[in-house]
Amino acid sequence: MKKILLSILLFALSHSAQAILKIDITEGVEGALPIAIVPFKWNGPKVINGDVSAIVLSDLARSGQFSPLAESDLIAQPQKPEDIHFKTWRVAGMDHLVIGNVNRLPDGKYQVQFRLFDVLKGKQVLGYSFPATEKTLRSVAHQISDYIFTALTGEPGAFNTRIAYVTVQRDKVNGSVSKLQVSDTDGYNPQTLLTSDEPIMSPVWSPDGSRLAYVSFEKGKAEIYTHNIHTGVRELQSSYPGLNGSPAWSPDGSKLALTLSKDGNPEIYILKLSDKTLQRVTNHWAIDTEAVWMPDGKSLIFTSSRSGKPQLYQLFLQSGNSKDITKIRPKRLTFDGSYNASASVSADGKLLAFVQGVGSNYRIALMTLATKNTMVLTHGEMDESPEFAPNNSMVLFATEENNNAVLAGVSIDGKHKQRLAFTEGEVREPSWAAVRD
Amino acid sequence: MKKILVCIALSIVLAACGEQTKTNDSIDSDPSLSGQQQGGDDRSGAVSGTIDGEGVAGGSALAGGKLVSYEKNAIYDANNVLSARIIYFAYDSNEVPEDQVELVKHHGKYLSFNPEAKLRLEGHADERGTREYNIALAERRADAVKRLMQFEGADASQITVVSYGEEKPISFGHDDESWQLNRRVEIVYE
């Protein structure tokens, strides 16, 4: 057996000066809301990696739904509400304005305040004050972004959570080293949870943001682990003969849907985490895999080759254990094209992002479940692993660019695109936590 | 347990084949094994190699002149047909291609004659398509190889199937050539 390089690190909140994951906006701010964010006033030295207003500006720009004014274009820099001349901002074409301040307290802690103004109405929309430490300034900034985003779009913000992803670095000396990493949604504070010279796949966040489930080949075959990001404690959940793959958390966090082939064929099962009991979901000669849960927990959407090639199906689960789920017939969802797989469901359960293959071109498509209408979101050619942001407005996915494996994001109207480039090696399989634990 | 194979009488090798005692139907009917030679005993199923140092005439049964032998150490011999350890698959197919069935059968026979021997079949897929689906596809390929080996007399307990899907490519291009090299099942003796 190959020697396995393996280390499991406790996830300790540290703050690296450098973001290894860089995020660039690549396309389109048409239709974005104009907003002016005035640099917050600091009563002491500004913390380099805690520049609150700069982080808010970056978050809102990255969402693709806002077009923040560059600092050099700011016509004024009001610090207090009474300093604001709304007429000037109206003339400058700004709909909204954000001002704020960061006060360093005698005990070394901070107080962060911000106010959001409606320029047209000349009134404050909301304002909050947050206690912070030097370490939590970034998180506070992301919370402010969430507040502003929600106030102006009606959607949850998803800035103050985390993303997980797999990186692979290959070189002639060490071969291939895979890492499971977690970072803030803007790529800062990357932390490595697992390092291995065997593959790592399919990381998924628990609904409460405290754990990841993933597939690790560290013992020479696929196994499913859950991993607490704060304590670093791992639990082996599935190591049956054959496949152990494609974990997906139920919305209440008590179960994992997964793919096993121990009964002779890849099928979907539900594992109850409390007692490790298994319930079989599919019983068909075809490949059944890539199950994900609908937000109400009542059905699964999965990939099956039962009609010849991979297509998406929906299976409604009965409540209670008496009914044999394997007798329930899944409903086919995709009929366009010969390859439709790897679904991700939006937080409100209305949309499905998935991989659509046409010849050798694989791209991300979006289906409205109520109507089954599908639109193509990306052009491919090797796009995969679509993951909805925990709101309903953006899809993260893995793609190839100039022979580099990178992560990218696209808004659900297809108009706003961004690239999250890992500066070392390949990045793939993003998962976006719904909440920050 | 399988017993000893028979040397079909060819010129030079008769001396090495003095110990055969039984015939095996499949040898008689399978012309590709005409050059095969086996020493051995009839104690247990173990085949001990007694290939005479004079050389291995008759190993010309296969193209490339590789020796066909299932004695225990055959898997360490670079000149043996068993030294080929990769089966390549056609696009969108889980069946062992015609031109590689023979090779799989040889490995199956080796297992059948060496009940203590074990191997791992590692299934792989090319990068196209989704990762978890490719894990399932690659397992199907390895399963197909396993079934063929079992048909030749290998026991299921001698074969472990592991799928790596597209996670362990050996070629990194985005073209047909690379994809073909990655669509494979690797035989790894343990």
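The following exercises, with worked solutions, concern a predicted model with chains A and B.

**Exercise 1. The contact between the chains**

Determine how many residues of each chain take part in the contact, and which elements of chain B supply the side that touches chain A.

Solution. Begin with the residue counts: 26 residues of chain A are in contact with 15 residues of chain B. Two residues are taken as being in contact if their C-beta atoms, placed from the backbone, lie within 7 Å. Next, assign the side of chain B that touches chain A to secondary structure: helix H3 (131–151) and strand S3 (159–165) of chain B each contribute at least two residues. H3(B) provides the largest share, six residues. Finally, sort this side of chain B by class: seven residues are charged, five nonpolar and three polar.

**Exercise 2. The sheet on which H3(B) packs**

Establish the strand order of the sheet that contains S20(A), and state which of its strands H3(B) touches.

Solution. The order is S20-S21-S22-S23 in chain A, an open sheet of four strands with antiparallel pairing. Its edges are strand S20 (288–293) and strand S23 (331–332) of chain A, each of which pairs on one side only. S20(A) is joined to strand S21 (residues 299–304) of chain A by four bridges in the antiparallel sense. As for individual partners, Thr289(A) has Thr303(A) in S21(A) as its bridge partner. Now add the helix: H3(B) packs on this sheet and touches S20 and S21 of chain A, its direction making about 155 degrees with that of S20(A).

**Exercise 3. The largest nonpolar core**

Identify the residues that touch the most other members of the largest nonpolar core, and the element that gives the most to this core.

Solution. The core holds 142 residues, and those touching the most other members are Val52(A), Val98(A), Leu300(A), Val395(A) and Val145(B). By element, H3(B) gives the most, with 10 residues. Take Val395(A) as a case: beyond its neighbours within four places in sequence, its contacts include Ala353(A), Ile364(A), Leu377(A), Phe388(A) and Ile412(A). Glu387(A) and Gly409(A) are also among the contacts of Val395(A).

**Exercise 4. A second open sheet of chain A**

Describe the sheet that contains S13(A) and S14(A), from its edges inward.

Solution. Four strands in the order S12-S13-S14-S15 of chain A form an open sheet with antiparallel pairing. Strand S12 (200–205) and strand S15 (234–238) of chain A are the edge strands. Further in, strand S13 (residues 211–216) and strand S14 (residues 223–228) of chain A pair over six antiparallel bridges. Among the bridge partners, Ser216(A) is matched with Glu223(A) in S14(A). With direction ignored, neighbouring strands of the sheet are turned against each other by 25 degrees on average.

Definitions and conventions: Residues numbered from 1 in each chain as written. Chains lettered and ligands numbered in written order. Predicted model: local features only at pLDDT ≥ 70, side-chain atom pairs only at ≥ 80, totals over all residues. Nonpolar A, V, L, I, M, F, W, Y, C, P; charged D, E, K, R; others polar. Core = buried A, V, L, I, M, F, W, Y, C linked by C-beta atoms within 7 Å. Buried ≥ 20, exposed ≤ 12 C-beta atoms within 10 Å, placed from the backbone. Pairing = 2+ DSSP bridges. Axes fitted to C-alpha atoms, helices over the stretch in contact; angles between N-to-C directions.
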